[in-house]
Amino acid sequence: MQQRKLDQLGRVCIPSKFFNELNLSKKEKMEITIEYGEICIKRFNAKAIKKREYIEIVRILDQLNRITLPAEYLDILGIKRGNVISLTMEEETIKIC
C-alpha cells in the first residue's frame, strides 16, 4: 500500500513502483471506474473497444505520472481534495480506497 496526497485539482501521482510494475508510459491512456466502493485505474485497451459492452472514463497520465480523478467519483465516495489517499495494486489494477 502506498499513500499519496490528492491535490486540489483532483490529481494523484501514480507511485513509481506501480508505474514500473505495470510497465506504463508517459501519456498512457487509463480507464477509471468505481468497483465495490473503490476507484479502479487500469490501462485502457483501445483495440478491444468493439468487444466491450461499455467504457468508463478514460484519462491520460501527465508527464509527472499524475492522473486526474473524476470529480463525480470523488464526490460519490466522499473523498476530499487535499486528503491523503491509499493506493494498492491488484494484478493490473490500481485501487484507491
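## Close-up views of a predicted model

**View 1. Thr93 and its contacts.** Leaving aside neighbours within four places in sequence, Thr93 is in contact with Cys40, Ile41, Lys42 and Thr88. This is a predicted model, and the legends that follow walk through it one close-up at a time. Thr93 belongs to strand E8, which covers residues 93–96. Is Thr93 buried or exposed? With a relative accessible area of 12%, Thr93 is buried, because the cut-off for buried is under 20%.

**View 2. The two sides of strand E8.** Here the side chains of E8 are the topic. In a regular strand the side chains alternate between the two faces of the sheet. Which residues of E8 point one way, and which the other way? Thr93 and Lys95 share one direction, while Ile94 and Ile96 take the other way. All four of these residues are buried.

**View 3. The open sheet.** Stepping back for a moment, you can follow six strands that form an open sheet in the order E1-E7-E8-E4-E3-E5, with antiparallel pairing. The edge strands are E1 (2–5) and E5 (57–60), each of which pairs on one side only. From one strand to the next, the twist averages 30°.

**View 4. Strand E8 and its two partners.** On one side of this close-up is E4 (38–43), which pairs with E8 in the antiparallel sense over four bridges. Cys40 has Lys95 of E8 as its bridge partner. Strand E7, residues 84–90, is also joined to E8 by four bridges, and these two strands run antiparallel as well. In that pairing, Met89 stands opposite Ile94 of E8.

**View 5. The hairpin turn at Glu91.** E7 and E8 form a hairpin, and two residues lie between them. Glu91 sits in this turn, in the loop between E7 and E8. What is the phi of Glu91? It is positive, about 55°, although Glu91 is not a glycine. That is worth a look, since most residues other than glycine have a negative phi. Glu91 has a relative accessible area of 77%, and because the cut-off for exposed is over 50%, Glu91 counts as exposed.

**View 6. Glu90, at the strand side of the turn.** Glu90 has its place in strand E7. At 45% relative accessibility, Glu90 counts as partly exposed. If you would like a distance to check in your viewer, take the C-alpha atoms of Glu90 and Cys40: they are separated by 9.9 Å, with the two residues 50 apart along the chain.

**View 7. Lys27, another positive phi.** Where does Lys27 lie? Lys27 is in the loop between helix H1 (16–21) and E3. Its phi is positive, at about 70°, although Lys27 is not a glycine. With a relative accessible area of 52%, Lys27 is exposed.

**View 8. Strands E3 and E5.** This close-up turns to an edge of the sheet, where E5 is one of the edge strands. E3 and E5 pair in the antiparallel sense, and the pairing has four bridges. Within it, Glu31 has Val58 of E5 as its bridge partner. Glu31 returns in the next view, among the residues that line the largest pocket.

**View 9. The largest pocket.** Rolling a probe the size of a water molecule over the atoms shows where empty space is left. In this model the largest pocket has a volume of about 150 Å³. Which elements give two or more residues to its lining? They are strand E3 (29–35) and strand E4 (38–43). E3 supplies the largest share, four residues. The residues to display are Glu31, Thr33, Ile34, Glu35, Lys42, Arg43, Phe44, Asn45, Arg52, Tyr54 and Glu56. By type, the lining divides into six charged, three nonpolar and two polar residues. Lys42 also links back to the opening view, as one of the contacts of Thr93.

**View 10. Thr68 and its surroundings.** Thr68 is located in strand E6, residues 66–68. Not counting residues up to four places away in sequence, Thr68 touches Leu9, Gly10, Arg11, Ile32 and Arg59. Its relative accessibility of 31% makes Thr68 partly exposed. A further distance to try is the one from Thr68 to Lys26, 42 residues apart along the chain, whose C-alpha atoms are separated by 14 Å.

Definitions and conventions:
Residues numbered from 1 in each chain as written. Predicted model: local features only at pLDDT ≥ 70, side-chain atom pairs only at ≥ 80, totals over all residues. Heavy atoms only, no water. 1 Å grid on protein atoms, 1.4 Å probe; cavity = no way out; pocket = protein on both sides within 12 Å on 5 of 7 lines; lining within 4 Å. Points joined across faces, edges and corners; volume = space filled by probe spheres on them. Nonpolar A, V, L, I, M, F, W, Y, C, P; charged D, E, K, R; others polar. Buried < 20%, exposed > 50% of the residue type's maximum accessible area, 1.4 Å probe, protein only. Contact = heavy atoms within 4.5 Å. Pairing = 2+ DSSP bridges. Axes fitted to C-alpha atoms, helices over the stretch in contact; angles between N-to-C directions.
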